[in-house]
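Student: I have a model open and would like to go through its strands and helices with you. Could we take it step by step?

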Amino acid sequence: MKLDAKGLENGVVRLEPFQLAHVAHLEAAGAVESMWAYMPDIPKGKSVNTYAAHILGQYESGFMVPFTMFRQSDDAFAGVVSYEMISKTHRRLRIANFWHPEEMRGSGVFQASQALLIQRALDWGARRIGWAVAKDAAAAVRAVKRLGAKEEGVLRSYYRLAGGGWAD
């Protein structure tokens, strides 16, 4: 099973491989202003077009598989998420860079999308699925823990945030 194979959907959400056409959804949802609070810094700035070019470049290199999410009930844009740090040799990956429009938070979209991603990773043969969540992103930490993930430790100053700070 390929991580980016079609058919990644359930009754709540549908995940599609990220494409440049999805940039308009990010702009309309106000992502440009809010998604940078916990997103890692990327080399060429904080515009939505820079973000799109970066993740598509990471996809082409095999480092990341980015997705755009849509709510099934009304086909509304529901956010972005990706697999990253993919190691076929060691059969591990990380689910990262998830962002949802504010009106989708607490609606079940996060849990539904994560369930799809976890199952796809297991079907791919993953032996380890991880999340890197900034420690002070309390809502995201709680949401990931509700999935059953266990906190194994804190990596101090692990990555630079787009806003210039550092995330533990």
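Student: In which sense do S4 and strand S5 pair, and over how many bridges?
Tutor: This is a predicted model. In it, S4 and S5 (residues 128–131) pair in the parallel sense, over four bridges.

Student: Which residue is the bridge partner of Arg 94 in S5?
Tutor: Gly 130 is the partner of Arg 94 in S5. Between the two strands, the chain passes from S4 through helix H4 (residues 109–124) to S5, a β-α-β crossover that is right-handed.

Student: And what stands opposite Arg 94 in S3?
Tutor: Glu 84 stands opposite Arg 94. Strand S3 (residues 77–87) pairs with S4 in the antiparallel sense, over five bridges.

Student: How many residues lie between S3 and S4 in the hairpin?
Tutor: Four residues lie between them, and Arg 91 in that turn has a positive phi of about 55°.

Student: Is S4 largely enclosed or not, and why?
Tutor: Strand S4 (residues 92–99) is largely enclosed by the rest of the structure, because seven of its eight residues are buried, with under 20% relative accessible area.

Student: What is the strand order of the whole sheet?
Tutor: The order is S1-S2-S3-S4-S5, in an open sheet of five strands with mixed pairing. S1 (13–17) and S5 stand at the edges with a single partner strand each, so one side of each has no neighbour in the sheet. On average, neighbouring strands of this sheet are turned by 30° against each other, direction ignored.

Student: In which sense does S2 pair with S3?
Tutor: Strand S2 (residues 64–71) pairs with S3 in the antiparallel sense, over seven bridges. Within this pairing, Val 65 has Tyr 83 of S3 as its bridge partner.

Student: Now the helix. Which strands does H4 lie across?
Tutor: H4 lies across S1, S2, S3, S4 and S5, and runs at about 30° to S3.

Student: Which of its residues are buried, and what do they pack against?
Tutor: The buried residues of H4 include Val 109, Phe 110, Leu 116, Leu 117 and Trp 124, and Arg 120 is also among them. The buried residues of H4 pack against S1, S2, S3, S4, S5 and helix H5 (138–146).

Student: What length does H4 reach, and what is expected?
Tutor: The 16 residues of H4 reach 22 Å from the first C-alpha to the last, close to the 22 Å expected at 1.5 Å a residue.

Student: What phi does Gly 125 take, just after H4?
Tutor: Gly 125 takes a positive phi of about 110° there.

Technical notes. Residues numbered from 1 in each chain as written. Predicted model: local features only at pLDDT ≥ 70, side-chain atom pairs only at ≥ 80, totals over all residues. Heavy atoms only, no water. Buried < 20%, exposed > 50% of the residue type's maximum accessible area, 1.4 Å probe, protein only. Pairing = 2+ DSSP bridges. Right-handed = clockwise from strand over helix to strand, strands pointing away. Axes fitted to C-alpha atoms, helices over the stretch in contact; angles between N-to-C directions. Contact = heavy atoms within 4.5 Å. Expected span 1.5 Å × (residues − 1).
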